Amino acid sequence: CVRNESDPRPGQRSRPLRNIIAHGHDRISEVFLRVNLYTSQYEVGCWRASTDKTTQTAFKIPPADFGNWVHIAGVYDGASWKLFRNGQLVAETVGKPGCIPVRGNEWAIGAVGGGGAGI
């Protein structure tokens, strides 16, 4: 459920990246499905520290999502990042890198960017 805790109003943006699930979280590389409160978007993609580059696809959060349960899923199919909302494809970005190697077994479920606290 997208609730006030994930509300993009002023005062809620001090830690704007709210991971739904992420693998990596080691300051080297990360693959994520998240809510970005600064841009008010759902995002799926990856980040590499060596290039400080993020490759992702994103979808603007509809106002109707706040206060309601929403199913968000993201995949990389070998050619593009795809983001689904309530079973419908809502965003797609062709590009590399796609699935990147992630060292270690660090997983984050429901954490803000950097893994320091829960959402």
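A charge is said to sit over a ring if NZ of Lys or CZ of Arg is within 6 Å of the ring centre and within 35 degrees of the ring normal. This definition will be needed at the third stop of the tour below. The model on display is predicted.

**First stop: the whole chain**

Begin by showing the entire chain as a cartoon. The chain contains eight strands and zero helices, so the sequence of elements from the N terminus reads β-β-β-β-β-β-β-β. Of its 119 residues, 38% count as buried. The accessible surface comes to about 6700 Å², and carbon and sulfur atoms account for 54% of that surface. Consider next the contacts between residues at least 6 apart in sequence: 45% of them join residues at least 24 apart.

**Second stop: strand β2 and its partners**

Select residues 29-36, which make up strand β2. Why is this strand described as largely enclosed by the rest of the structure? Seven of its eight residues are buried, and therefore the remainder of the structure largely encloses the strand.

Now add residues 17-23, which form strand β1. Strands β1 and β2 pair in the antiparallel sense over six bridges. Within this pairing, select I21 and look across to L33 in β2, which stands opposite.

Then add residues 41-48, strand β3. Strands β2 and β3 run antiparallel and are joined by eight bridges. Together β2 and β3 form a hairpin, with four residues between the two strands. Select S40 in the turn of this hairpin; its phi is positive, at about 55°. As a general point, strands of a sheet pair through backbone hydrogen bonds, either parallel or antiparallel.

**Third stop: R34**

Display the side chains of R34, F32 and E43. Which residue has its ring face beneath R34? It is F32: R34 lies over the face of that ring, at 3.7 Å from the ring centre. In the pairing with β3, R34 stands opposite E43.

**Fourth stop: K53**

Move to strand β4, residues 53-60, and select K53, which is found in this strand. Is K53 buried, exposed or partly exposed? Its relative accessibility is 46%, so K53 counts as partly exposed. Apart from neighbours within four places in sequence, K53 is in contact with C46, W47 and R48. A distance label from K53 to S29, C-alpha to C-alpha, should read 9.8 Å, although the two residues are 24 apart in sequence.

**Fifth stop: the open sheet β5-β6-β7**

Hide the earlier selections and show strands β5, β6 and β7. These three strands form an open sheet in the order β5-β6-β7, with antiparallel pairing. The edge strands are β5 (72-76) and β7 (88-94), each of which pairs on one side only. Neighbouring strands of this sheet are turned by 15° against each other on average, direction ignored.

Look more closely at β5 and strand β6 (residues 80-85): five bridges hold the two in antiparallel pairing. Select I72 to find R85 of β6 standing opposite.

**Last stop: an aromatic pair**

How many aromatic pairs does a search of the whole structure find? The search finds one. Select Y76 and W81: their ring centres lie 5.1 Å apart and their planes meet at 50°, so the pair is tilted. Planes under 30 degrees apart would count as stacked, and over 60 as edge-to-face. Both Y76 and W81 are buried.

Notes: Residues are numbered from 1 along each chain as its sequence is written. This is a predicted model: local features need pLDDT of at least 70, side-chain atom pairs count only at pLDDT 80 or more; totals for chains, interfaces and linings use all residues. Side-chain values use heavy atoms; hydrogens and water are left out. Buried means under 20% relative accessible area, exposed over 50%, partly exposed in between (1.4 Å probe, protein chains only). Two strands pair if DSSP finds at least two bridges between them. Rings of Phe, Tyr and Trp (its six-membered ring) pair if their centres lie within 6.5 Å; planes under 30 degrees apart count as stacked, over 60 as edge-to-face and the rest as tilted. Axes are lines fitted to C-alpha atoms, for helices over the stretch in contact, and angles run from 0 to 180 degrees between N-to-C directions. Contact means heavy atoms within 4.5 Å. Accessible areas come from the Shrake-Rupley method with a 1.4 Å probe; for residues, only the protein chains shown count as cover.
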